[in-house]
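Colleague: I'd like a close look at a single part of this one, please. Pick the piece you think deserves it and walk me through it, with whatever surrounds it.

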Amino acid sequence: MCENENLLLKKVYETGFALDEITLYLDTHPTDPQAMEYYRYAQRANQEAVAAYEQSYGPLMSSQVNAGSWSWANNPWPWEGGM
């Protein structure tokens with residue numbers, strides 16, 4: 001895995017974590033306007049991170065495969081040294 005791929009994947013993980021955390025907060029504070037604003041920010045950041053990764057390295061989830069052929073598992077599996 002190259003350094004750029006690692007950086008993009010790290011951004012996906014970080015923004016996904018932030019999105020999960022604010023979602024949990026909103027479960028108990030559903031009327032907090034600042035939390036809703038941050039939720040929208042985190043959601044956009046995660047969507048952008050996922051899109052940037054997928055544009056360069058392919059889909060992160062099998063549900064995102066939209067090519068004419070099955071391109072889900074072109075990289076090494078984790079036990080083969082991939083992530």
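Modeller: Let's go with helix α2, and start from its inside: the buried residues of α2 are A35, A42, A45, N46, A49 and Y53. Keep in mind throughout that this is a predicted model. What covers those buried residues includes α1, which runs over residues 3–28. So we'll need both helices, because the secondary structure of the protein comes to two helices and zero strands under the DSSP run rule.

First, the helix itself. α2 takes in residues 33–57, 25 residues in total, and its first and last C-alpha atoms are 36 Å apart. That is close to the 36 Å expected at 1.5 Å a residue. At the N-terminal end, D32 acts as the cap, with a side-chain oxygen 3.0 Å from the backbone nitrogen of Q34. At the other end, G58 comes just after α2 and takes a positive phi of about 95°.

Now the tyrosines, since α2 has some ring pairs to show. By the ring-centre rule, the count comes to two aromatic pairs. One of them is Y38 with Y41, a tilted pair with 5.8 Å centre to centre and 40° between the planes. Y38 and Y41 both sit in α2, three residues apart, about one turn of the helix. Y38 is partly exposed, at 37% relative accessibility, and Y41 is partly exposed too, at 49%. The rings of Y53 and Y57 have their centres 5.3 Å apart and their planes at 40°, so that pair is tilted as well. Y53 and Y57 also both lie in α2, four residues apart, again about one turn. The general point behind such spacings is that an α-helix has 3.6 residues a turn, so residues three or four places apart point the same way.

Why does Y53 count as buried while Y57 does not? The cut-off for buried is under 20% relative accessible area. Y53 has 4%, so it is buried. Y57 has 24%, so it falls in the partly exposed class.

Next, the partner helix. With 26 residues, α1 should span 38 Å at 1.5 Å a residue, and its end C-alpha atoms are 38 Å apart, which agrees. Its buried residues are E5, L8, L9, V12, T15, G16, A18, L19, I22 and L26. The cover works in both directions: what covers the buried residues of α1 includes α2, just as α1 is part of the cover for those of α2.

For a residue that links the two, try T15. T15 has its place in α1, and at 9% relative accessibility it counts as buried. Leaving aside its neighbours within four places in sequence, T15 is in contact with A45, N46 and A49. Those three names are on the list of buried residues of α2. Back along the chain, the side chain of T15 also reaches the backbone oxygen of K11, at 2.9 Å.

Another place to look across is T23, which also lies in α1. T23 and A42 are 19 residues apart along the chain, and their C-alpha atoms are separated by 9.8 Å. T23 is partly exposed, with a relative accessible area of 32%, whereas A42 is among the buried residues of α2.

There's a charged pair on α1 to add. The structure holds one salt bridge, where the side chains of K10 and E14 meet at 3.7 Å, N to O. K10 and E14 are both in α1, four residues apart, about one turn of the helix. K10 is partly exposed, with a relative accessible area of 48%, and E14 is partly exposed at 41%.

Finally, step back to the whole chain. Buried residues make up 23% of the 83 residues in the protein. Among contacts with a separation of 6 or more, residues 24 or more positions apart account for 45%. The protein exposes about 6300 Å², and carbon and sulfur atoms supply 54% of that.

To pull α2 together: D32 caps its N-terminal end, G58 with its positive phi comes just after it, its buried residues run from A35 to Y53 in the list, and α1 is part of what covers them.

Conventions. Residues are numbered from 1 along each chain as its sequence is written. This is a predicted model: local features need pLDDT of at least 70, side-chain atom pairs count only at pLDDT 80 or more; totals for chains, interfaces and linings use all residues. Side-chain values use heavy atoms; hydrogens and water are left out. The expected span of a helix is 1.5 Å times one less than its number of residues. Buried means under 20% relative accessible area, exposed over 50%, partly exposed in between (1.4 Å probe, protein chains only). Contact means heavy atoms within 4.5 Å. A polar contact is a pair of N or O atoms within 3.5 Å; within protein, one must be able to donate a hydrogen and the other to accept it, and residues adjacent in sequence count only if both atoms are side-chain atoms. Accessible areas come from the Shrake-Rupley method with a 1.4 Å probe; for residues, only the protein chains shown count as cover. A salt bridge is a side-chain nitrogen of Lys or Arg within 4 Å of a carboxyl oxygen of Asp or Glu. Rings of Phe, Tyr and Trp (its six-membered ring) pair if their centres lie within 6.5 Å; planes under 30 degrees apart count as stacked, over 60 as edge-to-face and the rest as tilted.
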